[in-house]
Amino acid sequence: MKKLLTGECNEDNIFQLIDPTAFLEIAFEAEVVKALTCLFPDYWCGVFAGTFLLEGERRSADLALIHKSLSHWFVVEVELAGHSLDRHVLPQVRCFRYGEPDQTCASSLLTAFSFLSREQANGLLMYVPRYVAVVGNMPDPEWTTALRALDVQYLTVSVYRDRNGRSAHEVEGRLVARTESLGFARFSAIDNCLRMNKGCGLAPGSMQIIDQFGTPASWTVREASGILWISKDRGPALLEHESYVQIIRTFDGRISLRPSTNQ
């Protein structure tokens, strides 16, 4: 049986692994929320019961992990070892990864994360990159391989307790977001540039941006009065006046534009 020692060597600092199979799913989900909230401090974690639709089937999630920059988020499925991988887990996560959110998703986000506005909740569902993660109570190489094939990430949470009833949590695995949204910029044909708020994550200077046609070009970012002005170095941007684009950054640092109706 696995044990943990924290601090000095005495009985009060020894934590023993709780049998992973002893948990009911609802109790294990509560432990997962504690673990993810503390050990992934860049994210908000909350109960999320939104429903997704794929090929006529409707499936509801367990949790959501939302990056505090609102640049990306994860739909989280909590599962116990012994659940059928092929008949339950894979159909669930396939729906979350590739399905469409229904009207319950925005309401559930607003209930779980009361600080979000409805506009932000809708933006997460419509525009912000969404990923899926499964959190299990035991490592399983077969689950990891099968989930990876669906672009779903797998983590495990283990729970320990000491003789006084204090808990400790261990998380194995990591979350990777290949793309993230930096926000939305508005184009001015008069200035031939995009305008967006300073706090988006772009630094002033020269950079390569892939435009809406998939063509890379040199752009310059300038800051003035808390606003970023992003202009193409050569040639027109070929965007409509007062139109919006979403700024997307990939894990390798590439920046691209995506036309958007968001306002």
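**Exercise 1. Locate Lys68, decide whether Lys68 is buried, partly exposed or exposed, and find its contacts that are distant in sequence.**

Step 1. Lys68 sits in the loop that links strand 6 to strand 7, where strands (E, at least two residues) and helices (H or I, at least four residues) are DSSP runs numbered from the N terminus. This is a predicted model, in which local features need pLDDT of at least 70 and side-chain atom pairs count only at pLDDT 80 or more, while totals for chains, interfaces and linings use all residues. Residues are numbered from 1 along each chain as its sequence is written, and side-chain values use heavy atoms, with hydrogens and water left out.

Step 2. The relative accessible area of Lys68 is 42%, so Lys68 counts as partly exposed; buried means under 20%, exposed over 50%, and partly exposed in between, with a 1.4 Å probe and protein chains only.

Step 3. When neighbours within four places in sequence are left aside, Lys68 is in contact (heavy atoms within 4.5 Å) with Pro41, Asp42, Tyr43 and Trp44. For Asp42, the C-alpha to C-alpha distance from Lys68 is 5.8 Å, although 26 residues separate the two in sequence.

**Exercise 2. Describe the surroundings of strand 9 and name the strands that pair with it.**

Step 1. Begin with burial: seven of the seven residues of strand 9 are buried, so the strand is largely enclosed by the rest of the structure.

Step 2. Sort the side chains by direction: Arg130, Val132, Val134 and Gly136 point one way, whereas Tyr131, Ala133 and Val135 point the other way, and all are buried.

Step 3. Turn to pairing, which requires that DSSP finds at least two bridges between two strands. Strand 7 pairs with strand 9 in the parallel sense over seven bridges, and within this pairing Val76 has Ala133 as its bridge partner. Strand 10 also runs parallel to strand 9, joined to it by five bridges, and here Tyr154 stands opposite Val134.

**Exercise 3. Work out which elements build the largest nonpolar core, and examine the contacts of Val75.**

Step 1. A nonpolar core is a set of buried Ala, Val, Leu, Ile, Met, Phe, Trp, Tyr and Cys residues joined through side-chain atoms within 4.5 Å. The largest one has 30 residues, and those with the most contacts inside it are Phe48, Phe52, Trp73, Val75, Leu109, Val134 and Leu147.

Step 2. Among the elements that give two or more residues to this core are strand 7 (73–79), helix 3 (103–112), strand 9 (130–136) and helix 5 (141–148). Helix 2 gives the most, with six residues.

Step 3. Not counting residues up to four places away in sequence, Val75 touches Phe48, Phe52, Ala61, Leu63, Phe96, Arg130, Tyr131, Val132 and Ala133. Apart from this core lies another, of 22 residues, among them Phe23, Phe40, Ala133 and Val157.

**Exercise 4. Trace the barrel, then follow the side chain of Glu180 to its polar partners.**

Step 1. Seven strands close into a barrel in the order 12-13-16-15-14-18-17, with mixed pairing. Neighbouring strands of this sheet are turned by 40° against each other on average, direction ignored, where the axes are lines fitted to C-alpha atoms (for helices over the stretch in contact) and angles run from 0 to 180 degrees between N-to-C directions.

Step 2. As one pairing in detail, strand 14 (residues 205–210) and strand 15 (residues 216–224) are antiparallel over six bridges, and Gln208 stands opposite Ser218.

Step 3. Glu180 belongs to strand 12 (residues 179–188). Its side chain makes polar contacts, which are pairs of N or O atoms within 3.5 Å where, within protein, one must be able to donate a hydrogen and the other to accept it, and where residues adjacent in sequence count only if both atoms are side-chain atoms. One such contact, of 2.9 Å, reaches the side chain of Arg249, and another, of 3.3 Å, reaches the side chain of Ser71.

**Exercise 5. Explain why Cys38 forms no disulfide with Cys45.**

Step 1. A disulfide is a pair of cysteine sulfur atoms within 2.5 Å, and the structure holds zero of them.

Step 2. The closest cysteine sulfur to that of Cys38 is in Cys45, 12 Å away, which is too far for a bond. Cys38 counts as exposed because its relative accessibility is 57%.
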